[in-house]
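Open the model in your viewer and get ready to click around. We'll go stop by stop, picking a piece and looking at what is there.

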Amino acid sequence: MAETADAVVVGGGILGVSTAYYLGKLGFGKVALLEKQTLAAGSTGKSAAVVRSFYSNEVCVKLARRAVDVFEHFNQETGEDIGFNRIGYMVITDQPSTVDRVLDLHRKNGIRSSKLAPEEIRKLLPHMNLEGVAAAGYEPDSGYADPFLTVAALVQKGRQLGLKTFQKREVVKINAKNGRIESVDTTRGPISTKVVLNAGGPWANKFHPFPEIPLPLRLSREQDCVFDAPPEFKDQPVVSDSILGVYSRSDMGGRLLAGVGYPKEEEPCDPDHVDERSDEGFGELLKKKLLNRFPTLSKAPIVHGWSGMYTITPDWHPIVGKAPGVEGYYLAVGGSGHSFKIGPPIGESLAATIAGKTPAIDISALRYERFKENQTFTSVWGPGNRA
């Protein structure tokens, strides 16, 4: 006899785990979370895990504002330390008007942020080379968290609410009959259910059986490195350098985590055979970029590097909500590098939608149908995940 569940969540990354957790808080019933590998083993665990509000569209600003509050209070809510460090976030630019656009949205949504002139940036970061920098957008309440600790805390608290988690249990197929979800087939037997959430990240298309609902997703391999930085980098804010195309943030132990930002050339990959090491020479190329902005990194050794994956949609924003034409089928796919930042409030509002309740934030702008309706997103930064 098949197992049964009121909802099956496929994917143990931040989007799936957050939605499963909030379904539990709503008392939705028996929720089963299935992960083909281990929790946070995919894109979430390889994330730079930045938490920031610097978005140039309404829905992401609302989600990001909520995310900062949620991450700040997760320790109290879950009873677990998720490693949230409020170090601040700064984007530096040679086009000050891009900052003005975002700050207008911030003021409208009650986010604490400001526009900094070069002399004000120098007071915060005296070791930064400001050549070519016209202005910065700065938000002091942002920072980063530990992605593994965050997922683990949500799962641990979710289990207290009745969540059942299954690792190393892969979903092979989602089954529907007469336009309604009926069950999922897994490597350890079927589960009967009326609700399925596809939060499969890079594997979302692998078990999606509906050709009439094509998921417009592409994959790109993404690399990061950690440097053993000088003392002045301790507790340094996240710095997104839109001029040189590089980002960095302080890390535990006074280290510096960094990567190359968008727009850049994508690196298509197979999620089942992706090389999770950083490429030989990548760290040195990254360091060369960083030295243009932070000359005192010249003697900073590379500690380690790794690679993860982005699952990217055509407009670089996630697809979230009910899938068209199939009752009980929901999507949280195509994070495009945003998932960790805004994953918990997406999960909160999506869980409410699934449960037939009014969500805290209207996420309908992220619906699947936006691509056919010509309601896609654009960004003041151009193509890429800065949004």
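## Stop 1: an open sheet

Start by selecting β10 and strand β11 (residues 180-186): the two run antiparallel and are joined by 6 bridges. Keep in mind as you look that this is a predicted model. For one of the pairings, click N175 and then its bridge partner in β11, S183.

Now widen the selection to the open sheet, where 4 strands line up in the order β1-β12-β11-β10 with mixed pairing. Which strands stand at its edges? They are β1 (3-4) and β10 (171-177), and each has a single partner strand, so one side of each has no neighbour in the sheet.

## Stop 2: the largest nonpolar core

Next, show the side chains of L63, F71, L350 and L366. These have the most contacts inside the largest nonpolar core, which has 52 residues. Colour β2 (7-10), α1 (14-25), β3 (31-35), α2 (58-78), α5 (147-160), β20 (329-333) and α7 (339-354), since each of them supplies at least two residues of this core. Which of them gives the most? That is α2, with 10 residues.

Zoom in on L350 and look past its neighbours up to four places away in sequence: it touches T19, L197, V320, G321, Y330, L331, A332 and I363. There is also a second, separate core of 25 residues, and V239, L256, A258 and L286 are among its members.

## Stop 3: a bent helix

Select α7 on its own. It has 16 residues, but its end C-alpha atoms are only 19 Å apart, short of the 22 Å a straight helix would reach. Where does α7 bend? Click P345, where the bend is about 35°.

Bring the rest of the model back into view. 15 of the 16 residues of α7 are buried, so this helix is largely enclosed by the rest of the structure. Just after α7, stop at G356, which takes a positive phi of about 75°.

## Stop 4: aromatic rings

Time for some rings: the whole structure has 9 aromatic pairs. Pick out F210 and Y329, with ring centres 5.2 Å apart and planes at 55°, so this pair is tilted. F210 sits in the loop between β13 (196-198) and β14 (218-227), while Y329 is in strand β20, so the pair ties together parts 119 residues apart in sequence. Are these two residues buried or exposed? Both F210 and Y329 are buried.

While you're showing rings, add F71, F74, F84 and F340, which form one aromatic cluster.

## Stop 5: a hairpin

Select strand β19 (residues 319-322) together with β20. They pair in the antiparallel sense over 4 bridges, and V320 has A332 as its bridge partner in β20. The two strands form a hairpin with 6 residues between them, and G325 in the turn has a positive phi of about 85°.

## Stop 6: one valine

Finish at V246, in strand β16 (residues 246-251). Its relative accessibility is 4%, so V246 counts as buried. What is V246 in contact with, leaving aside neighbours within four places in sequence? Light up V239, S240, D241, G259, V260, G261, L286 and L290.

For a last try of the distance tool, go from V246 to I312, C-alpha to C-alpha: they are 19 Å apart in space and 66 residues apart in sequence.

Notes:
Residues numbered from 1 in each chain as written. Predicted model: local features only at pLDDT ≥ 70, side-chain atom pairs only at ≥ 80, totals over all residues. Heavy atoms only, no water. Pairing = 2+ DSSP bridges. Core = buried A, V, L, I, M, F, W, Y, C linked by side-chain atoms within 4.5 Å. Buried < 20%, exposed > 50% of the residue type's maximum accessible area, 1.4 Å probe, protein only. Contact = heavy atoms within 4.5 Å. Expected span 1.5 Å × (residues − 1). Bend = angle between axes of the 7 residues up to and from the residue. Phe/Tyr/Trp six-rings, centres within 6.5 Å; stacked < 30°, edge-to-face > 60°.
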